[in-house]
Amino acid sequence: MDLVLDVLDTNLLTPHVYPTSWKEDDMTRQFTTLMVLMNIGGVVLYLVAASLNYYFIFDHRLMNHPLFLKNQIRRELKVALGSIPYMSFPTCLLFLAEVRGYSRLYDNTSDSSLGIFSIPLSVFSFLFFTDMAIYWIHRWLHHPSVYRYLHKTHHIWKVPTPFASHAFHPADGFLQSVPYHIYPFLFPLQKYVYLLLFLFVNFWTVSIHDGDYRVPESLKPYINGSAHHTDHHLFYNYNYGQYFTLWDRIGGSFRTPSVFEGKDLIDEAMQYQLKKGKSGQNGAAENGSTSNGVRHRKP
């Protein structure tokens, strides 16, 4: 995160915002900047990623499903936007430790004994480590003694939209993000790669809530995508993984997604809407109305 601070300090904060007496390496200044950055940047990243997905990928027919809540998107936004400021505080403490040199982040591939080959190795190990750690954290959050206090908030959304991706209890959201932040304290990682992985994680989190179940046939047994995570929201105790199905298979919590077995939420939504339409027609006929239209909820 020091790369981002350097750009902000050079082009904005030092010449135009902070007094010259407040040095760039002052810890209080760094933490203040990180808090502003994470609150504004975090909200913007969430809204942009979720909105793009909602308008261009998310299947709006899912909003006709009987389990889709009234004013759900507004409620998802309220929870997410209310939680981000609280999640940002402990996150910024970890970022501050990185900025002040306590992590194993490095600037150039020449700083690694593996050179350019350190990049693919780091990406693979980051995904493996975070997937493993999030699986066990997520599974712990489903323990009865914890679930109702922390993780239940996220499971309000049985048929989630992309806006549910960050709609967590603050403690829940932070706990599931911890593996991303502790990785560079445990393993060497190039700084630009870390920033790109940070962005990837956010977009991936949005994508597994978007109801787009398309996965290449050859990858279906291995990738924990939206189909798997949708079943997690519906059935609770399955498919805890973040990217892969490995740890669910090891931990005995893997469930083949319903949609892969021909049970499609979209079909259920359309059948429900059709039944509503027929019910409405019957009611209108009984009341002497000539209307026979089916009213669809706007996306």
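**Figure 1. Character of the lining of the largest cavity.** The lining of the largest cavity comprises 13 nonpolar residues, 18 polar residues and no charged residue. The structure shown here is a predicted model. The volume of this largest cavity is about 570 Å³. Among the 31 lining residues, those closest to the cavity centre are Met-87, His-166, Gly-173, Ser-177 and Asn-202. A search of the whole structure returns three cavities of 30 Å³ or more.

**Figure 2. Helices around the largest cavity.** At least two lining residues of the largest cavity come from each of helix H2 (27–56), helix H3 (72–99), helix H4 (118–141), helix H6 (170–186) and helix H7 (191–207). Helix H6 provides the largest share of this lining, namely six residues.

**Figure 3. The largest pocket.** The volume of the largest pocket is about 200 Å³. Its lining consists of Met-1, Val-4, Leu-37, Met-38, Gly-41, Gly-42, Leu-45, Leu-195, Phe-198 and Leu-199. Two or more of these residues are supplied by each of H2 and H7. The greatest contribution to the pocket lining is that of H2, with five residues. By class, the lining of the largest pocket contains eight nonpolar residues, two polar residues and no charged residue.

**Figure 4. A nonpolar patch on the surface.** Val-36, Ile-40, Val-44, Val-48, Leu-52, Tyr-55, Phe-56 and Ile-57 make up a nonpolar surface patch, and their accessible area together is about 820 Å². One of these patch residues, Tyr-55, is located in helix H2. Tyr-55 is classed as exposed because its relative accessibility is 58%, and the cut-off for this class is over 50%.

**Figure 5. The salt bridge between Asp-59 and Arg-61.** A salt bridge links the side chains of Asp-59 and Arg-61, with an N to O distance of 2.7 Å. Asp-59 has a relative accessibility of 19% and therefore counts as buried, the limit for buried residues being under 20%. Its partner Arg-61, at 41% relative accessibility, counts as partly exposed. Seven salt bridges are found in a search of the whole structure.

**Figure 6. The salt bridge between Asp-212 and Arg-214.** Asp-212 and Arg-214 are joined by a salt bridge in which the closest N and O atoms are 2.6 Å apart. With a relative accessibility of 71%, Arg-214 counts as exposed.

**Figure 7. The salt bridge between Asp-231 and Arg-255.** The side chains of Asp-231 and Arg-255 form a salt bridge at 3.4 Å, N to O. Because Asp-231 belongs to helix H8 (residues 226–235) and Arg-255 to the loop between helix H9 (246–251) and helix H10 (265–286), the pair ties together parts that are 24 residues apart in sequence. Asp-231 counts as buried, at 3% relative accessibility, whereas Arg-255 counts as partly exposed, at 24%.

**Figure 8. A network of salt bridges.** Asp-2, Asp-107 and Lys-191 are joined into one network by salt bridges that share partners.

Note on methods:
Residues are numbered from 1 along each chain as its sequence is written. This is a predicted model: local features need pLDDT of at least 70, side-chain atom pairs count only at pLDDT 80 or more; totals for chains, interfaces and linings use all residues. Side-chain values use heavy atoms; hydrogens and water are left out. On a 1 Å grid over the protein atoms alone, a cavity is a set of points where a 1.4 Å probe fits but cannot get out, and a pocket is an open set with protein on both sides within 12 Å along at least five of seven lines; lining residues have an atom within 4 Å of a point. Grid points are joined across faces, edges and corners, and a volume is the space filled by probe spheres set on the points. Helices (H or I, at least four residues) and strands (E, at least two) are DSSP runs, numbered from the N terminus. Ala, Val, Leu, Ile, Met, Phe, Trp, Tyr, Cys and Pro count as nonpolar, Asp, Glu, Lys and Arg as charged, and the others, Gly among them, as polar. Patches are made of residues with over 30% relative accessible area and no salt bridge: like charges are joined within 9 Å, nonpolar side chains (Val, Leu, Ile, Met, Phe, Trp, Tyr) within 5 Å. Accessible areas come from the Shrake-Rupley method with a 1.4 Å probe; for residues, only the protein chains shown count as cover. A salt bridge is a side-chain nitrogen of Lys or Arg within 4 Å of a carboxyl oxygen of Asp or Glu. Buried means under 20% relative accessible area, exposed over 50%, partly exposed in between (1.4 Å probe, protein chains only).
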